[in-house]
Amino acid sequence: MVFLSRNPFCITSVLGERKVLVSLCAGLMLMLASSVAYGQMGGIDTDPGDPGTGGKNQIQGTIYYPGGRRLDVRAKVRLRSLVGAEQFTLADENGAFTFRRLQGGSYVITVDAGNMFEMASERVDIIEPARRRHDPGMVLTVQINLQPKQHLPKPVGTIAVIPDEAVKLYNEALELVKKGDNKKAIEQLNAALKIFPDYFAALNELGVQHMRLKEFNKAEGYFKNATKLAPDAFTPRLNYGVLLVQMKNYPKAVDELYKALQKNAASAIGHLYIGRALVNLGSYDDAEKFLQLAVKYGNDKDELAETHRYLGAVYIERQQHQKAADELEKYLSLSPDAKDAHKISDIIKQLRASGK
């Protein structure tokens, strides 16, 4: 729902999970709470010809063994932006690495330290304040702690090895869901898990049902168990990311949804929800790119309407008023009976009148 504030040139957009101030007067810049600390660190540029991503910022990191000692082998380090750009480097003999000349945006650092350790990942958000042309960029530091490789999970059971009684209970639960009896469906699913605790589909469905009942903490537990049991499965990872958006845990939601999209890059709902999370984090450029992909892959009318509404909010924040009006008109064309339709129409008129 979007409604007018007292200032006729400012609007407040209620985007489902929270109120996000979208102002025609000024852009909103949110500083993210994360484990990344700002610092001033020196160092010799070993590759002055590397253009990076075209910015002035640096990420400097240190890799540590599980016991806290610095890594003393040359691990492979990959930097990937949330919109696809990649860079690679090697840590030195003290576990240190640097990525230079980075634009603002969201990045994921992945460390491969060999067969003895799990792949380690850390997300870094570079949010650039307004600065003069010749101002130096920021230097962000990150610490990555390795974990010993765990035993691989047992193969997920198939219908052929899941006990018939558990399968029967699961199918009965799905029929109850169709009838709208979520609580009874949960009872059946729990009964199926008592017979076969590693019933992956039942764990995922329990998460979905508790999410629908707004029992978010319970849902999170089931999705966590499902992703542990089947770490490469797309559906529970996607559902967990959607849940985290509803729980307003936006940084973790971005991480989970990014992992899900690595399994299915054509998921419209995955792109929509990661876009929603990034809007709430103030990462408008990245949000726009994911939301545009949600439009590209989307075919559900309600999801497309929601996507255009969020794109409208992004363009308002960037004071691109005509583009914002275009997106909100698309929203109304897909949701003409929306409760806030008349208020959106008033906002569109204000945006068109602004001339920007």
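Helix H9 covers residues 301–317 (helices, H or I of at least four residues, and strands, E of at least two, are DSSP runs numbered from the N terminus), and its 17 residues should span 24 Å at 1.5 Å a residue. The expected span is 1.5 Å times one less than the number of residues. The end C-alpha atoms of H9 lie 25 Å apart, which agrees. This is a predicted model, in which local features need pLDDT of at least 70 and side-chain atom pairs count only at pLDDT 80 or more, while totals for chains, interfaces and linings use all residues. Residues are numbered from 1 along each chain as its sequence is written, and side-chain values use heavy atoms, with hydrogens and water left out.

H9 is mostly covered, with 14 of its 17 residues buried. Here, buried means under 20% relative accessible area, exposed means over 50%, and partly exposed lies in between (1.4 Å probe, protein chains only). At the N-terminal end of H9, Asp300 acts as a cap, with a side-chain oxygen 3.1 Å from the backbone nitrogen of Asp302. Beyond the helix comes Gln319, whose phi is positive, near 60°.

Attention now turns to the charged side chains. Across the whole structure, a search finds 17 salt bridges, each a side-chain nitrogen of Lys or Arg within 4 Å of a carboxyl oxygen of Asp or Glu. One of them joins Glu86 to Arg80, with the closest N and O atoms 2.5 Å apart. Both partners are partly exposed: Glu86 has a relative accessible area of 35%, and Arg80 has 22%. These two residues also belong to a network of salt bridges that includes Arg78.

Another salt bridge sits within a helix. Glu187 and Lys184 meet at 3.5 Å, N to O. The two residues are 3 apart in helix H2 (residues 182–195), so about one helical turn separates them. An α-helix has 3.6 residues a turn, so residues three or four places apart point the same way. Glu187 is partly exposed at 48% relative accessibility, and Lys184 is partly exposed at 34%.

What does the salt bridge between Lys263 and Asp232 look like? Its closest N and O atoms are 3.3 Å apart. This pair links distant parts of the chain, 31 residues apart: Lys263 belongs to helix H6 (residues 250–263), and Asp232 to the loop between helix H4 (216–229) and helix H5 (234–246). Lys263 is partly exposed, with a relative accessible area of 46%, whereas Asp232 is exposed at 59%.

How values were computed: Polar contact = N/O pair within 3.5 Å; in protein donor to acceptor, adjacent residues only side chain to side chain.
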